[in-house]
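Student: I have a new model open and would like to reason through its fold with you. Could we take it step by step?

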Amino acid sequence: MPPLPTVLITGASSGIGATYAKRFARRGHDLVLVARDKARLEALAARLRAECKVAVDVLPADLTKSDDLSVIESHLRDDARIGILINNAGVPQSKGFLEQTAESIESLIALNTTALTRLAAAVAPRFVRSGTGAIVNIGSVVSFAPEFGMSIYGASKAFVLFLSQGLNVELAPKGVYVQAVLPAATRTEIWKKGGMDVNTLPEVMEVEELVDAALVGFDRRELVTIPPLHVAERWDALDDARQGLMSDLRQAHAAERYQRQT
Ligand SMILES: NC(=O)c1ccc[n+]([C@@H]2O[C@H](COP(=O)([O-])OP(=O)(O)OC[C@H]3O[C@@H](n4cnc5c(N)ncnc54)[C@H](OP(=O)(O)O)[C@@H]3O)[C@@H](O)[C@H]2O)c1
């Protein structure tokens with residue numbers, strides 16, 4: 001049997017990323033853990049080496065900084081043991097659109113979209129050459145809900161969903177699996193970082209349940225995994241409606257309702 005692929009996980013120092021690390025270590029995969037907090041990564045790595053007897057490398061990096069991002073890109077390009085990328089690191093949006101600063105907008109977009117895209121782009125050519133590999137992108141159900149008033153965060157997660165769907169079209173025929181995972185409210189530190197008390201929410205999923213469900217979707221090679229969606233047909237209907245809309249576009253002329261001045 002060939003060795004299990006090594007899993008590189010961004011945002012592995014806490015929450016969903018740390019839980020993915022524990023789950024993949026338990027399955028016997030070696031790991032590469034990426035986040036800014038070196039001490040937390042080292043502590044998790046030591047625990048997983050001892051408990052699961054797997055090799056764990058720690059790569060501290062601030063993925064909003066181009067130099068740090070380049071180092072992680074190089075690992076993804078060059079380390080042929082890495083066969084799964086968990087593109088998980090992300091930040092929330094604190095406060096509404098009118099309260100944002102240039103810096104808060106830039107850092108959210110840099111992490112939630114640019115870093116995620118650059119890391120996928122770094123690893124994809126190698127995965128395509130080998131005809132195997134998996135890219136998991138963590139989105140959010142907020143990408144369906146402009147009503148939530150988290151416009152920049154939601155837009156960044158809509159980007160993640162679209163990118164995943166597009167990469168699936170381009171890469172699946174070449175043997176590469178792409179999964180978008182869309183959690184709803186999950187009990188992690190992200191809420192505190194966004195200035196919100198998770199305990200005020202009417203319903204919250206525990207992080208272990210979220211990641212275990214995401215891994216069921218992963219093992220089934222599902223393209224879009226939405227653990228909190230209890231009626232799976234809702235997603236199918238949304239996707240059907242999207243494709244129906246596409247089939248009613250006519251490029252040569254504007255629709256009749258735009259051909260009269262009223
Ligand atoms: N929890 C939820 O309710 C929920 C719902 C939907 C989607 N999500 C998504 O799930 C993903 C994981 O979030 P989480 O809930 O697990 O939150 P979390 O516990 O706050 O984890 C976020 C991770 O990202 C890392 N990170 C933050 N800024 C970084 C940077 N500049 N460079 C590198 N790493 C950075 C953090 O580590 P360091 O601080 O050590 O860098 C941490 O490991 C995010 O993409 C989030 O948008 C979460």
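Tutor: Gladly! One definition to start: the expected span of a helix is 1.5 Å times one less than its number of residues. Keep in mind that this is a predicted model.

Student: What span should the 15 residues of helix α2 (residues 38–52) have, and how far apart are its end C-alpha atoms?

Tutor: At 1.5 Å a residue, α2 should span 21 Å. That agrees with the model, where the end C-alpha atoms are 20 Å apart.

Student: Which residues of α2 are buried, and why are they on the same side of α2?

Tutor: The buried ones are Leu41, Leu44, Ala45 and Leu48. An α-helix has 3.6 residues a turn, so residues three or four places apart point the same way. On the other side of α2, Ala39 and Glu51 are exposed. The buried residues share a side because they cover an arc of only 105 degrees around the axis.

Student: What covers the buried residues of α2?

Tutor: Part of the cover comes from the sheet, an open one with seven strands in parallel pairing, ordered β3-β2-β1-β4-β5-β6-β7. Its edge strands are β3 (56–60) and β7 (224–225). The cover of α2 includes α1 (15–26), β2 (31–35) and β3.

Student: Over how many bridges do β5 and β6 pair?

Tutor: Look at residues 134–138 of β5 and 177–181 of β6. Ile138 stands opposite Val181 in β6. The two strands run in the parallel sense, and the number of bridges is five.

Student: At what angle to β4 does helix α4 run?

Tutor: Helix α4 (residues 102–130) lies across β1, β4 and β5. Its angle to β4 is about 160 degrees.

Notes
Residues are numbered from 1 along each chain as its sequence is written. This is a predicted model: local features need pLDDT of at least 70, side-chain atom pairs count only at pLDDT 80 or more; totals for chains, interfaces and linings use all residues. Side-chain values use heavy atoms; hydrogens and water are left out. Two strands pair if DSSP finds at least two bridges between them. Helices (H or I, at least four residues) and strands (E, at least two) are DSSP runs, numbered from the N terminus. Contact means heavy atoms within 4.5 Å. Axes are lines fitted to C-alpha atoms, for helices over the stretch in contact, and angles run from 0 to 180 degrees between N-to-C directions. Buried means under 20% relative accessible area, exposed over 50%, partly exposed in between (1.4 Å probe, protein chains only). The arc is that of the directions from the helix axis to the C-beta atoms.
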